[in-house]
Amino acid sequence: MSKPLFSVCLLSLTLASCSMVLNHLPGVYTLEIQQGNIVEQDMIDQLKPHMSKRQVLYIMGSPMLKNVFHQSRWDYIYADKVSGQDEVKKRVTLVFNGDELAGMQGDLKPGGGVPTIKAPKEQTINVPKRDLDKTLWEKITSVFGFMRSGGTEDPENLKPKPSEAPY
């Protein structure tokens with residue numbers, strides 16, 4: 001009886017060690033797996049006490065878990081496994097009192113009242129002034145000599161010449 005038990009233990013130990021070695025071979029492609037809600041520190045910093053559920057839903061998105069027995073508790077769970085690195089897990093629990101945000105607990109904490117200055121995402125671009133003295137039509141006709149350099153039409157060019165009379 002001890003030989004089959006020993007064989008089973010040895011076989012399971014061998015298979016477990018092989019899977020560990022095979023998962024960490026260099027050059028083997030493994031997928032990056034993200035699960036749950038993406039929870040970041042700037043999202044947590046936007047949350048303030050007494051916010052409504054609708055405002056929290058706008059900032060954080062829908063919760064991963066809504067407990068049927070505790071309607072006032074929302075759980076946000078995020079797990080990210082990048083190949084070759086340890087798994088990153090974040091968990092945030094929001095507690096409501098009626099429709100207002102009453103508390104928060106988990107891995108990420110709010111900024112603590114220290115204002116953070118973020119660089120604006122908008123950029124100001126100086127556009128050079130355009131030459132608006134002439135319209136597009138005036139520029140086109142000046143190329144063919146129908147316009148004077150001042151931009152006014154030359155009445156001499158518009159009148160038919162006696163040799164060009166149609167009759």
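The exercises below work through a predicted model, each with a stepwise solution. Residues are numbered from 1 along each chain as its sequence is written, and side-chain values use heavy atoms, with hydrogens and water left out. In this predicted model, local features need pLDDT of at least 70 and side-chain atom pairs count only at pLDDT 80 or more, while totals for chains, interfaces and linings use all residues.

**Exercise 1. Overall layout**

Task: State how many helices and strands the protein has, and give their order.

Solution:
- Step 1. Count the elements. There are five helices and five strands. Both are DSSP runs numbered from the N terminus: helices are H or I with at least four residues, strands are E with at least two.
- Step 2. Read along the sequence. The pattern is α-β-α-α-β-β-β-β-α-α.
- Step 3. Check burial. Of the 167 residues, 17% count as buried. Buried means under 20% relative accessible area, exposed over 50%, and partly exposed in between (1.4 Å probe, protein chains only).
- Step 4. Check the surface. The protein exposes about 14,300 Å², and carbon and sulfur atoms supply 59% of that area. Accessible areas come from the Shrake-Rupley method with a 1.4 Å probe; for residues, only the protein chains shown count as cover.
- Step 5. Check contact range. Among contacts with a separation of 6 or more, 39% are between residues 24 or more positions apart. Contact means heavy atoms within 4.5 Å.

**Exercise 2. The salt-bridge network**

Task: Find the salt bridges in the whole structure and describe how they connect.

Solution:
- Step 1. Search the whole structure. Two salt bridges turn up. The criterion is a side-chain nitrogen of Lys or Arg within 4 Å of a carboxyl oxygen of Asp or Glu. Side chains of opposite charge can pair when their charged atoms come close.
- Step 2. Take one pair. Asp 75 bridges to Arg 73, with the closest N and O atoms 3.3 Å apart. Asp 75 is buried because its relative accessibility is 5%. Arg 73, at 31%, counts as partly exposed.
- Step 3. Take the other pair. Asp 75 also bridges to Arg 91, with 3.8 Å between the closest N and O atoms. Asp 75 lies in strand S3 and Arg 91 in strand S4, so this pair ties together parts 16 residues apart in sequence. Arg 91 is partly exposed at 34% relative accessibility.
- Step 4. Join them. Shared partners link Arg 73, Asp 75 and Arg 91 into one network.

**Exercise 3. Surroundings of Asp 75**

Task: Place Asp 75 and list its polar contacts and neighbors.

Solution:
- Step 1. Locate the residue. Asp 75 sits in strand S3, residues 73–81.
- Step 2. List polar contacts. The Asp 75 side chain meets that of Arg 73 at 3.3 Å and that of Thr 93 at 2.7 Å. A polar contact is a pair of N or O atoms within 3.5 Å; within protein, one must be able to donate a hydrogen and the other to accept it, and residues adjacent in sequence count only if both atoms are side-chain atoms.
- Step 3. List neighbors. Leaving out residues up to four places away in sequence, Asp 75 touches Pro 63, Met 64, Leu 65, Arg 91, Val 92 and Thr 93.

**Exercise 4. The largest nonpolar core**

Task: Name the residues that touch the most other core members, and say which elements supply the core.

Solution:
- Step 1. Apply the criterion. A nonpolar core is a set of buried Ala, Val, Leu, Ile, Met, Phe, Trp, Tyr and Cys residues joined through side-chain atoms within 4.5 Å.
- Step 2. Pick the members. The largest core has 16 residues; Val 39, Leu 47, Val 56, Met 60, Tyr 76 and Leu 94 touch the most other members.
- Step 3. Assign elements. Helix H2 (41–46), helix H3 (53–60), S3 and strand S4 (88–97) each supply at least two residues of this core.
- Step 4. Inspect Tyr 76. Beyond four places in sequence, its contacts include Val 39, Val 56, Met 60 and Leu 94.

**Exercise 5. A surface patch**

Task: Identify the nonpolar surface patch that includes Phe 144, and place Phe 144.

Solution:
- Step 1. Name the members. Leu 136, Trp 137, Ile 140, Val 143 and Phe 144 form the patch, with about 630 Å² of accessible area together. Patches are made of residues with over 30% relative accessible area and no salt bridge: like charges are joined within 9 Å, nonpolar side chains (Val, Leu, Ile, Met, Phe, Trp, Tyr) within 5 Å.
- Step 2. Place Phe 144. It lies in the loop between helix H4 (136–143) and helix H5 (155–158).
- Step 3. Classify Phe 144. At 61% relative accessibility, Phe 144 is exposed.
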